[in-house]
Amino acid sequence: MLRKEKNKSYRILVFVIGVIASVTVLSPIIWIILTSFKDVKEIYTVPLTIWPRKFVWTNYLTVVEGLPEFPTYFFNSIKVTIGTLLLVLPASAAAGYALGRREFPGKAIINLFIIAILAIPFLVFLIPLYIIEDILNMLDTNIGLILPYAALNLPLGILVMQASYREIPSELEDSARIDGANAFQTWFQIMTPLVITGLAAVTIFTFVAVWEEYMFARTFMVNTSAQTLAVGLPSLRVESKSWAYGTLSAALTLSLLPISVVFIVLRKYFVEGVLRGSVKG
Amino acid sequence: MVKRDPRKRNNFIVSWLFVLPAVLLMGAFLLYPLLSALRISFSEYNFVYSEKPVFNGLTNYIKLFQDPHFLVAFKNTIYYTLVFFPLFMLIALCLALLLNSKVKGNGIFQTAILLPIVVPLSLAGIMFTWIFSQDFGILNHLLANVLHLPNLQRFWLGDTQTAMNSLIAVGLWKYTGFGIILFLSGLKAISSDIYEVAKVDGVNSWQNLFYITLPNLKGSFSLVGIWGIIQAIKVYDQVVVMTNGGPGTSTLVLYLYAWKNAFSFFNMGIGEAIAFFTAALAIIISVVFKFVLKPEKG
Amino acid sequence: MSRKISVFLIIGLLLVMLGVNMTSFAKTETLKVTAEAWYFNKYPMEEAAQRFQADHPGVTFEWSKAGDFEVAPLMLAWSRNRYIADVAIVASPSEAVAFQAKGLLLSFDDVLVGKYAKDKWLQGFLDQCTIDGKVYAIPSDAEVMTLIGRKDFAKEAGLTDANGNIIPAKDLNELYSYLQKLTVKDSTGKTTRYGLTVNWCSEYMVYAYFSGIQALRGSIYDKNGNLDFSSKEALALLDFWQKGVKEGLISTSSLVDHSGPRNDMKSGLAAILWEDHARVIEIGKVVGQDKMQIVPIPGADTNGTVSYTMSLMIPKNAQNPQLAKQFVLEQMNADWFAHDLMDKWGKLLGLKANIEARRDDPIWKTVYSLADKSVGLPKTVDHAKMVDIMTAEIHNMLKMQQTPEKTLANIQKQIKPLNLKPIK
């Protein structure tokens, strides 16, 4: 009896801590959302009000009507993310299969290179990649972000896919070969459907990395027409936009909303993806 | 060397066809840049004025250690790491233990606490700039008017003493979720049989934690630890957005100083030298850390 | 099989989608104008384009907006001889030097005739755009560094004359006593209104510092012809700043936020602003134009101050350079364009004729006389590095990490290896 009582109060304690932790983590976002509904005068009035005195939509109207860059940033983020995934997924699946299940000369060198690259901070690649893109005229284009992003995320993707393919029992592959399937068919039709979870993990951690990438995007994308959300929004703060945290809050809310919904719906996949993506030397 | 056996040759060609797309991409955008980066770091190369890099040996690296701002950036990065790392581990572990207990609302807690994972750090930077604002920021308002502790009010991003700590707070907000996920998977891997046995022996929750859970998490500690340290050394996004290294040099970090040298002063050689220095630092620290916390297999 | 085909189709489609962005078709009659994004919000570019099209049918315009923080990479692209624009408005003239040296700029000399002849421009501004006797840039957004005061606050503090105008302080000591009178503190000793707010944010740090030096001693150079970091006036200026911050008389909001000083003024948190003159209009729109007054920095009425200008430049590889020059002169220096900017944002252009029309306005009268006596900062190769060093060191001083003496010594030590020779 006593034990049960104790258990119950323990559960309540854990629950309360959970609520406090959740609210603390969410509070910055909540504050931005509340700010986005305030009148500009109210935002800059001391003492502050936490709950808006009156909910207004003007900040959102300013973003929609007066900020043509905003949708551009948004679609650039989407285009760059999808473009990167379209390169990383097939390339890492193919390479992961060969490295995980086949023996061939050169395999050891490729594996060594992948491990070595994972230990090097991306900063090292920034300057030479800038010079390459300058020569190839890829600065200020979506492809100018997609190619480096794909390359930088590929080593990890290959590593994860390699492990995924290795888990498949070799009988399956053997029987496919006996049935007369060629290597490509074996890979694409027999093996790959069995590593969907691996592909999902690669998708998630590549997505998380690309969606928020700032340093490369900031350096390579100077023109607002090519900038992504992570780079574009911070630059809305200055010069003509001073005195305008209302607009900024509305823009922030609008850019965080879709991604949050995706996260809430697919949380389990995100957890799995992040987990697999962090397991490296 | 040369493969005469047609089957072997066939295997060779097919295998290389599979890895070809990845090898091409990595060759063009990782291997070649890496070599070229190495060359630049040993060269005098002003991107606007020089025609091409001119080899100057170790000059860039020697110059670095005579540059007071570089030394400050190095010191600040170490400070960031030393403060970020223990807090990151502690908070991530506590919240992972919390989320591991099966309580009502666990799913909602997990969603809320892990949400910052998908918030770009630069956007978090804008949010927190506003929250830390001296006059119109919610933090100072709460301290003064709700908690009635006006003495704790600060010019968070404008004071040398608080600016870096504020940036660390943003880093923690963003990255703790990653640590939680890693710890959670470690916790899930601990067999529930051990706890069952302990229960029979009448072991209490604290003993459970210290004698069963934590020792069994050693592998996770090494993993999360290295991950956290690397994130700390790489700190850049929120620094640019929130303080850009200021006030003074109080939040100047290695990544930012490398960027400034390369893309504001156009001195690519110095920028690349800082990049390699940072890379060496990251690699050495993670190797040492791995060595110290030798995870036992299992 | 069909699944495979559809996958390839989708991939192909997406690649095409991405590819479209990469190719830009050059039309012979298109003018590409590149500037930081805010420029297009403040300057009436659409109207200028329409008016230009009325005179030159068939010309189309393309606006290319650079991110507000990201000018350096854009300059980099330009320096690599990439086609970035027909008209580029990204740089201060000091940055033009680099481009001129590499032969990346076209001179305006051939079109500076008649009503655009060189003597029709404000000399101080045009000088800044001149390299080796040739004009390579046209001023756009020229601004002079000055103090901007709140008359109502000054009146409360007894610092105004019979007409309610602020009496300019004669020297730093008097200005300091002004600040003591203007500052308001609450019972806990916390400042609720600062006497002064200074923009110390990167590039502005340099303008603020040298405007003080110029006003105090009439030159920004020491006796060896180098930028002055050693005179007793330099020490006095830094001392004034540090003491003011320490005593809670000067706001340090600019240490984190480029817009901090403006916002201080707009919210009544500060009584005097040390920044460029243009803010007087922007702040006046919030607090009331009748409360604003331009007050020279002590000494500036005789010694002058520092001015700077963004500039319009024509890159060598512009596709329609002559048309671009015409657009710059005919529309972007037209009376209507200049007055729109002056009235809305307080920004000055270079033609004297534009300003004549506003000469009776006390604000513009003061600005005009200050502009006449203003000097520009020298054009140097390592300018950006100098800005960075000065900002970091003076910020450290304002944060009480070091004395003014030590600050000047540190700056001198670090700029020694830099190439700061004025290029003329």
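Reading the chains of a predicted model

Q: In this predicted model, how do you know what distance separates domain 1 of chain C and domain 2 of chain C?
A: The distance is taken between the centres of the two domains over C-alpha atoms, and on that basis domain 1 of chain C and domain 2 of chain C lie 28 Å apart. The contact between them takes 16 residues from domain 1 of chain C and 18 residues from domain 2 of chain C, where a pair of residues counts if their C-beta atoms lie within 7 Å.

Q: What makes up the side of domain 1 of chain C that touches domain 2 of chain C?
A: At least two residues each are supplied by helix H5 (93–101), helix H6 (123–128), strand S6 (138–150), strand S12 (307–313) and helix H17 (362–372) of chain C, and the largest share, 5 residues, comes from H17(C). Sorted by class, this side of domain 1 of chain C holds 9 nonpolar, 5 polar and 2 charged residues.

Q: Which residue ranges of chain C are assigned to each domain?
A: Domain 1 of chain C takes in 28–143 + 308–372, while domain 2 of chain C takes in 145–307 + 380–415. Chain C as a whole has 19 helices and 13 strands, and among its contacts between residues at least 6 apart in sequence, 73% join residues at least 24 apart.

Q: What share of chain C is called buried?
A: A residue earns that word if 20 or more other C-beta atoms lie within 10 Å of its own, and buried residues by this test make up 53% of the 424 residues in chain C.

Q: Why is chain B called more spread out than a compact globule?
A: Chain B, which has 13 helices and 2 strands, has a radius of gyration of 24 Å, whereas the globule rule gives 19 Å for 298 residues; the value is well over the rule, so chain B is more spread out than a compact globule. Along the principal axes, the C-alpha atoms of chain B fill a box of roughly 70 × 70 × 30 Å. Of the 298 residues of chain B, 48% count as buried, and residues 24 or more positions apart account for 70% of the chain B contacts with a separation of 6 or more.

Q: What makes up the side of chain B that touches chain A?
A: The contact joins 74 residues of chain B to 73 residues of chain A, and helix H1 (residues 6–41) of chain B gives the largest share of the chain B side, 19 residues. By class, that side of chain B divides into 55 nonpolar, 14 polar and 5 charged residues.

Conventions. Residues numbered from 1 in each chain as written. Chains lettered and ligands numbered in written order. Predicted model: local features only at pLDDT ≥ 70, side-chain atom pairs only at ≥ 80, totals over all residues. Domains from an automatic or database assignment. Contact = placed C-beta atoms within 7 Å. Helix = DSSP H or I, 4+ residues; strand = E, 2+ residues; numbered from the N terminus. Nonpolar A, V, L, I, M, F, W, Y, C, P; charged D, E, K, R; others polar. Rg over C-alpha atoms; globule rule 2.2 N^0.38 Å. Buried ≥ 20, exposed ≤ 12 C-beta atoms within 10 Å, placed from the backbone.
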